[in-house]
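This report introduces a protein structure to a reader who has not met it before. Please examine the sequence and the model shown here before reading on.

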Amino acid sequence: MASLIPCPHCGQRPKEEFTVKGAALARPAADASREAWFDHVYLRENPRGRYDEHWHHTSGCRRWLVVTRDTATHEIAGARDTAARTETAK
């Protein structure tokens, strides 16, 4: 069975409709040090377990989502629109 992503606008959709764009990390302040920006842009953890990632619903509503996914099991815990930071879809 295909993995389904709970898009808050379109409902359960197959993962093939989405494009993964990487970790959903907090950006450093605009005046942060060069080292902080280097770490933000180039260095990543490789965590095991729940992880927030930016996904684009490329073949659907074309909205940016934050998808919470388990990196070991690929289970999707939820998704929310990046514009609605407190809203979570199950």
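The side chain of aspartate 81 reaches the backbone nitrogen of alanine 83 at a distance of 2.7 Å. A further polar contact, of 2.8 Å, links the side chain of aspartate 81 to that of arginine 63. These values, like all others in this report, come from a predicted model. Aspartate 81 itself is placed in strand β6. With a relative accessible area of 4%, aspartate 81 lies under the 20% limit and therefore counts as buried. Setting aside residues up to four places away in sequence, aspartate 81 touches Pro8, His9, Arg63, Trp64 and Leu65.

**Overall composition**

The protein contains one helix and six strands. Followed along the sequence, these elements appear in the pattern β-β-β-α-β-β-β. The C-alpha trace spans about 45 × 25 × 20 Å along its principal axes. The protein has 90 residues, of which 27% count as buried. Its accessible surface comes to about 6,300 Å², and carbon and sulfur atoms account for 49% of that surface. Among contacts with a separation of 6 or more, 41% are between residues 24 or more positions apart. The protein carries 14 positive and 12 negative charges, and the mean positions of the two groups are 4 Å apart.

**Pairing of the strands**

Strand β1 (residues 4-7) and strand β2 (residues 11-14) run antiparallel and are joined by four bridges. Together they form a hairpin, with three residues between the two strands. Within this pair, cysteine 7 stands opposite glycine 11 of β2.

Strand β3 (residues 19-23) pairs in the antiparallel sense with strand β4 (residues 50-56), over four bridges. Here alanine 23 faces glutamate 53 in β4. Strand β4 also pairs with β5, again in the antiparallel sense, over seven bridges. In that pairing, arginine 50 stands opposite aspartate 70 of β5.

**Arginine 69 and its partners**

Arginine 69 belongs to strand β5 (residues 64-70). Is arginine 69 buried or exposed? Its relative accessible area is 14%, which is under 20%, so arginine 69 is buried. The side chain of arginine 69 makes a polar contact of 2.9 Å with the side chain of glutamate 53. Another polar contact, of 2.8 Å, joins the side chains of arginine 69 and histidine 74. Beyond four places in sequence, the residues touched by arginine 69 are Gly49, Arg50, Tyr51, Glu53, Trp55, His74, Glu75 and Ile76.

Histidine 74, one of these partners, lies in the loop between β5 and β6 (76-81). Its relative accessible area is 48%, between the 20% and 50% limits, so histidine 74 is partly exposed. The phi angle of histidine 74 is near 65 degrees, a positive value in a residue other than glycine.

**A second residue with positive phi**

Arginine 62 likewise has a phi near 65 degrees, a positive value in a residue other than glycine. The position of arginine 62 is the loop between β4 and β5. Arginine 62 counts as exposed because its relative accessibility, 53%, is over 50%.

**Threonine 19**

Threonine 19 is part of strand β3. Which residues does threonine 19 contact, leaving aside its neighbours within four places in sequence? They are His54, Trp55, His56 and Thr58. In sequence, threonine 19 and tryptophan 55 are 36 residues apart, whereas their C-alpha atoms are 5.6 Å apart in space. The side chain of threonine 19 also makes a polar contact of 2.6 Å with the side chain of threonine 58. With 28% relative accessibility, threonine 19 counts as partly exposed.

**Polar contacts between side chains**

The following table gathers the side-chain pairs described above.

| Side chain | Partner side chain | Polar contact |
|---|---|---|
| Aspartate 81 | Arginine 63 | 2.8 Å |
| Arginine 69 | Glutamate 53 | 2.9 Å |
| Arginine 69 | Histidine 74 | 2.8 Å |
| Threonine 19 | Threonine 58 | 2.6 Å |

Terms used:
Residues numbered from 1 in each chain as written. Predicted model: local features only at pLDDT ≥ 70, side-chain atom pairs only at ≥ 80, totals over all residues. Heavy atoms only, no water. Buried < 20%, exposed > 50% of the residue type's maximum accessible area, 1.4 Å probe, protein only. Polar contact = N/O pair within 3.5 Å; in protein donor to acceptor, adjacent residues only side chain to side chain. Contact = heavy atoms within 4.5 Å. Areas by Shrake-Rupley, 256 points an atom, 1.4 Å probe, with all protein chains shown as cover. Lys, Arg positive; Asp, Glu negative; His and termini not counted. Charge placed at Lys NZ, Arg CZ, Asp CG, Glu CD. Pairing = 2+ DSSP bridges.
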